[in-house]
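Here is a short guided tour for anyone who is new to reading protein structures. Keep the 3D view open and turn it as you read.

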Amino acid sequence: MELVDTHCHLDIEECFPRFREVLLRARAASVHTLIFPGVDQARWQRLIGLCRQEEGIYAAPGLHPLYLSRHRPEHLEELEVLARRGGIVAIGEIGLDYFVESIDRTAQQLLFEEQLRIAASSQLPILLHVRKAHDRVLATLRKKRFSCGGIVHAFNGSLQQARQFIQLGFCISVCGTITYNRARRIRGIASELPQEALVLETDAPDIPPASHRGESNLPEFLPEILDALATLRGEPHELTASYTTANARRVLGLAG
Ligand SMILES: [Zn+2]
């Protein structure tokens, strides 16, 4: 079995001072491929450096909407240079967050559209962060005719919105939320979507699965998310493992 953690933040040194140990344990748990999204410019260098050193780790630098106040116009220029240079698999994580009401929505929109432009000009997929703004993100993708696809990380929208993202070439990422019985809506969505649209992620150190509630999340917990998804869908977990891995590779253009 080979799993892909399509979204984890092992590059954040304060959370993962023993990066190599965490990575070895992930691999022992069949998580052989990991995608590290970026959140701000200050972390890109380490992020890309780690991905260069290790097999099977891929960088997706970007400017996260939650950290709007840290971003500067020159960071977009730097991102464009990184995208052109190659060696990264996606731009992420980017999008709109309307859950935190204090973050200026016009500025978020501009930042998002600029990063869409950068991704499109280098033909790179994107990793989307979306909270309470799914229709707005869908409208923006359509308006900009964005066609490189990507992954909607830790999906928390409706089934209808998930289907619209899939039509636009996106995969829907399932995280530890589905291991909680009370997460009925998202469990329902995960059980209804077509196989070719689903990928897995931990979002470590955030969103620990139910069995590790209150702890810091780790990529080695990904098999628990896989098992929960397979059980919900009534599938053998080898099958769920194989299509989620194939989907992640396809949408991010990874070999294998
Ligand atoms: Zn994240």
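Of the 256 residues of the protein, 59% count as buried. Please keep in mind that this is a predicted model. With 256 residues, a compact globule would have a radius of gyration near 18 Å, and the 17 Å of the protein agrees with that. Along its principal axes, the C-alpha trace spans about 45 × 40 × 35 Å. The protein exposes about 11,300 Å², and carbon and sulfur atoms supply 49% of this area.

How does the chain fold back on itself? Among contacts with a separation of 6 or more, 71% are between residues 24 or more positions apart. The protein has nine helices and eight strands, and we can now visit some of them.

**An open sheet and its helices**

In what order do the three strands of the open sheet lie? The order is β1-β2-β3, and the pairing is parallel. β1 (3-5) and β3 (57-60) stand at the edges with a single partner strand each, so one side of each has no neighbour in the sheet. On average, neighbouring strands of this sheet are turned by 15° against each other, direction ignored. As a general point, strands of a sheet pair through backbone hydrogen bonds, either parallel or antiparallel.

Look next at strand β2 (residues 31-37), which is joined to β3 by four bridges. Here P37 stands opposite A60 in β3.

Two helices lie across strands of this sheet. Helix α2 (residues 41-53) lies across β2 and β3, and runs at about 155° to β3. Helix α8 (residues 222-233) lies across β1 and β2, and runs at about 110° to β1.

**The zinc site**

Which residues coordinate the zinc ion? They are H7 and H9, each through NE2, and E93 through OE, at 2.1 Å. Along the sequence these donor residues are spaced H-x1-H-x83-E. Are the two histidines buried or exposed? H7 has a relative accessibility of 1% and therefore counts as buried; H9, at 5%, also counts as buried.

The third donor residue, E93, has its place in strand β4 (residues 91-97). The peptide bond from G92 to E93 is cis, with omega near -10°.

**A covered strand**

Now find strand β7 (residues 170-174), which is mostly covered: five of its five residues are buried. In a regular strand, side chains alternate between the two faces of the sheet. On one side of β7 are F170, I172 and V174, on the other C171 and S173, and all of them are buried. Strand β6 (residues 150-152) pairs with β7 in the parallel sense over three bridges. In this pairing, G150 stands opposite F170.

**Q161 and its contacts**

Q161 lies in helix α6 (residues 159-167). Its relative accessible area is 14%, and because the cut-off for buried is under 20%, Q161 counts as buried. Which residues does Q161 touch, leaving aside its neighbours within four places in sequence? They are H134, D135, L138 and F155. Q161 and I151 are ten residues apart in sequence, and their C-alpha atoms are 13 Å apart in space.

**Backbone features to look for**

Most residues other than glycine have a negative phi, and most peptide bonds are trans. Besides the bond before E93, which is cis, the peptide bond from A204 to P205 is cis, with omega near 10°. P205 lies in the loop between β8 (198-200) and α8.

Two residues other than glycine with a positive phi are listed here.

| Residue | Phi | Place | Relative accessible area |
|---|---|---|---|
| K132 | near 55° | loop between β5 (126-131) and α5 (134-143) | 62%, exposed |
| R145 | near 50° | loop between α5 and β6 | 72%, exposed |

Why does K132 count as exposed? The cut-off for exposed is over 50%, and K132 has a relative accessible area of 62%, so it counts as exposed. R145 is exposed too, with 72%.

To finish, you might return to the zinc ion in the 3D view and find H7, H9 and E93 around it once more.

Terms used
Residues numbered from 1 in each chain as written. Predicted model: local features only at pLDDT ≥ 70, side-chain atom pairs only at ≥ 80, totals over all residues. Heavy atoms only, no water. Pairing = 2+ DSSP bridges. Axes fitted to C-alpha atoms, helices over the stretch in contact; angles between N-to-C directions. Contact = heavy atoms within 4.5 Å. Donors = N, O, S within 2.8 Å, 3.2 Å for Na, K, Ca; no water. Buried < 20%, exposed > 50% of the residue type's maximum accessible area, 1.4 Å probe, protein only. Rg over C-alpha atoms; globule rule 2.2 N^0.38 Å. Areas by Shrake-Rupley, 256 points an atom, 1.4 Å probe, with all protein chains shown as cover.
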